[in-house]
Amino acid sequence: MTAEPNTDAHHLASAPVVVGVDGSEAADSAVDWAAELADRRGRELRIVHGADLDGIRSAAARYGIGNTPALDAVRASATALVQRSEQRARRARPGLRIAAEVADSAPARLLVHHSITSYLVVLGASGTNSVATHVGSVLLAVAAHARGTVAVVRPDNRHQVRTDGPVVVGVDGSPVSEDAIGKAFDEASERGVPLVAVHVWSDLRLTRYAGLGDFFSPLGNVQDTEIALLAERLAGWQAAYPDVTIERHVYLADPARRLRDWSATAQLLVIGSRGRGGVLGGLLGSTSNSLVQHSRCPVMVVHPTE
């Protein structure tokens, strides 16, 4: 494998880092993280908010209500929160190019639309909605349906976003996993940190079944084969990124738990949107879903190359 210049829309010089805001503390953390990344990569930061005025108008129309002062109030509030986020980013990064947008569309629809041409879409790990980390939230809808890479900024146990530690990538042998490997190498190179490649060769959760660990113990030769396959899968990328130091770890089972454990010391976790069992067009894979909700560091969800 040789390094080739990226020519897709996500890597054009004009592709911005897009961050969705909703006025929450989680959104503030996402703005800080996105502004720092945009500044380092020489990209524009675009701060966006979907006010869902289209939805409000549709609901009002069902009751025969036309344009009301309430719509103006919602737009004014949305504009104010975006301006506050913009001021926050400008204070932290005075030289950063920043654009702001308030749209009438719903938040998830807006962010998925931006994901088609953005360098990266960034979201806070929770929002003003108390169920924001559960299925059906804006966060999971965007992570599942985006057309590019999505970063979910999640603090650690000290309520801080970690800036030290390695980049960790989950490798399962699927085509989407290959895209995640490339993204992880790129991030490790940009950040000047080691890359930890974690491969779990079974999707079983052995913690549910007493004694299964003993059942699998004779399969050491399978483990050796998986170690060799992981080394082979990474070799081309290592040649393309000779500055990145690689650490490899292979486990028998439970990929979500293994990667969640690594997230306690990583500064970034990179995963594919779907794993071995993923269905084209489906939602997040079970491992990706779990890590978006429970990782202890920022997570990048990489979608397949079109």
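Which residue just after H6 takes a positive phi? It's Gly-192, at about 70 degrees. Keep in mind as you look around that this is a predicted model.

Let's stay with helix H6 itself, which covers residues 175-191. Its 17 residues stretch 25 Å from the first C-alpha to the last, close to the 24 Å you'd expect at 1.5 Å a residue. Quite a few of its residues are buried, among them Val-176, Ala-180, Ile-181, Ala-184, Phe-185 and Ala-188. The buried list also includes Ser-177, Lys-183, Asp-186 and Glu-187. In an α-helix there are 3.6 residues a turn, so residues three or four places apart point the same way.

Now jump to strand E4, residues 120-124. Here five of the five residues are buried. Leu-120, Val-122 and Gly-124 point one way, while Val-121 and Leu-123 point the other way. E4 also has neighbours to pair with. Strand E1 (residues 17-20) runs parallel to E4 and is joined to it by three bridges, with Val-18 partnered by Val-121. Strand E5 (residues 150-153) is parallel to E4 too, through four bridges, and there Val-122 stands opposite Ala-151.

Val-122 and Phe-185 turn up again in the largest nonpolar core, which has 49 residues. Along with Trp-33, Leu-45, Val-169 and Val-270, they touch the most other members. Helix H1 (residues 25-41) gives this core its largest share, eight residues. The core also draws at least three residues from each of domain 1 (10-161) and domain 2 (163-305). Apart from it lies another core of 30 residues, including Leu-139, Val-196, Tyr-251 and Ile-271.

Zoom in on Val-270 for a moment. Leaving aside residues up to four places away in sequence, its contacts include Val-167, Val-168, Val-169, Met-300 and Val-302. Val-270 also touches Ala-180, Lys-183 and Ala-184, three residues on the buried list of H6.

Finally, back to phi angles. Most residues other than glycine have a negative phi. Which way does phi go at Asp-52, positive or negative? It's positive, about 60 degrees, although Asp-52 is not a glycine. You'll find Asp-52 in the loop between strand E2 (45-50) and helix H2 (53-62). Asp-254 does something similar, with a positive phi of about 65 degrees, and sits in the loop between strand E8 (246-251) and helix H9 (255-262). Their surroundings are another matter: Asp-52 counts as partly exposed because its relative accessibility is 31%, whereas Asp-254 is buried, with a relative accessible area of 4%.

Conventions: Residues numbered from 1 in each chain as written. Predicted model: local features only at pLDDT ≥ 70, side-chain atom pairs only at ≥ 80, totals over all residues. Heavy atoms only, no water. Helix = DSSP H or I, 4+ residues; strand = E, 2+ residues; numbered from the N terminus. Expected span 1.5 Å × (residues − 1). Buried < 20%, exposed > 50% of the residue type's maximum accessible area, 1.4 Å probe, protein only. Pairing = 2+ DSSP bridges. Core = buried A, V, L, I, M, F, W, Y, C linked by side-chain atoms within 4.5 Å. Domains from an automatic or database assignment. Contact = heavy atoms within 4.5 Å.
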